[in-house]
Amino acid sequence: MSNKNIIAIDGPAGAGKGTLTKKLCDYYGFTGLDTGSLYRAITLYMIEKNYDMDSLDITKAINATKFISDNHEILEYAKNPKIRSQLTNKYVASVAKIPEIRQIMKQYQIEFGNNPPNLPDGSKAKGAIIEGRDIGTVICPNAPVKFFITAKPETRASRRLKEYLDQGESASYQEVLASIIARDEADRTRATSPMKQAEDAILIDTSENNKEATFEIAKKIIDERLTII
Ligand code: CDP
């Protein structure tokens, strides 16, 4: 049976999509998919296999994506903390703009939305939350609930810097801010599936709302629109 309870969450880097997704999944018993981790996993795989990331051979990149998707290695890479390193950050947007790679990932995301995997305790998921850049526009255009989460670049850079420092990676605020702005620009202006707020998505700015307030705004809308049993 195809799942009808799908929530699409899009927005730029460091806006708080992951935090909101986790809180909503815990509250409603939904399974979440961080689609950025898939593009990051492909990027990390190629970095580790010593691909020339500065002048990427597109055919090799597509073949690598097919290979790690077919044998499910992508899911192992997606769990590797190195997917969040600054090196992966530097190259992920150039990998994610390749249309054939997006097409391969699209099938996986649609399947996840239709049949969300069980919850960590083995019970059946009551729905799916998919977060990324093009979920409300391209992957799940019919999702009954869509959010576009954003925040000022400075707020997002401060949050990201804290995450790096907490993980023991050294970084400066100026570097992180520049990298976030560059990645947002690449994501917004690419030809295939650019980051875009769907017309029917609800905009939440997390520079003005803390985690709890953001959750409450989202919860109110979900309770109005979905029947979760
Ligand atoms: O964690 P952060 O918000 O920095 O980004 P992410 O969600 O992990 O996504 C990393 C990168 O993957 C983005 O900058 C995009 O280039 C790409 N991405 C994408 O193109 N489409 C998605 N649905 C998700 C991520």
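In the predicted model, helix α2 meets helix α5 through Tyr39, Arg40, Ile42, Thr43, Leu44, Met46 and Ile47, which face Leu87, Thr88, Asn89, Tyr91, Val92, Val95 and Ala96 of α5. The residues of this contact comprise ten nonpolar, three polar and one charged. Helix α2 spans residues 35-48 and helix α5 residues 86-96; their axes come within 9 Å and cross at roughly 110°. Because angles of 65 to 115 degrees count as roughly perpendicular, α2 is described as roughly perpendicular to α5. The crossing of α2 past α5 is right-handed.

Apart from this helix pair, the model contains an open sheet of five strands, arranged in the order β2-β3-β1-β4-β5 with parallel pairing. Its edges are formed by β2 (31-34) and β5 (202-205), each of which pairs on one side only. On average, and with direction ignored, neighbouring strands of the sheet are turned by 20° against each other. In general, the strands of a sheet pair through backbone hydrogen bonds, either parallel or antiparallel.

Strand β3 (residues 128-132) is flanked in the strand order by β2 and β1. Five bridges join β3 to β1 (residues 6-10), and the two strands run parallel. Within this pairing, Ile9 stands opposite Glu131 of β3, while the bridge partner of Asp10 is Gly132. Towards the edge strand, β2 and β3 pair over four bridges, likewise in the parallel sense. Here Leu33 stands opposite Ile130 of β3.

The burial of β3 was examined next. The strand is mostly covered, with five of its five residues buried. Ala128, Ile130 and Gly132 point one way from the strand, whereas Ile129 and Glu131 point the other way. Residues of both groups are buried, Glu131 included. Ile130, which stands opposite Leu33, and Glu131, which stands opposite Ile9, thus belong to the two opposite-pointing sets of β3.

Two further helices lie across strands of the sheet. Helix α1 (residues 17-28) lies across β1, β2, β3 and β4 (145-150), and runs at about 180° to β3. As angles over 145 degrees count as roughly antiparallel, α1 is therefore roughly antiparallel to β3. Helix α10 (residues 211-225) lies across β1, β4 and β5, running at about 165° to β4. By the same criterion, α10 is therefore roughly antiparallel to β4. Strands β1 and β4 are covered by both descriptions, being among those crossed by α1 and by α10.

Terms used
Residues numbered from 1 in each chain as written. Predicted model: local features only at pLDDT ≥ 70, side-chain atom pairs only at ≥ 80, totals over all residues. Heavy atoms only, no water. Pairing = 2+ DSSP bridges. Axes fitted to C-alpha atoms, helices over the stretch in contact; angles between N-to-C directions. Contact = heavy atoms within 4.5 Å. Parallel < 35°, antiparallel > 145°, perpendicular 65-115°, else oblique. Left-handed = near helix turned anticlockwise from the far one by under 90°. Nonpolar A, V, L, I, M, F, W, Y, C, P; charged D, E, K, R; others polar. Buried < 20%, exposed > 50% of the residue type's maximum accessible area, 1.4 Å probe, protein only.
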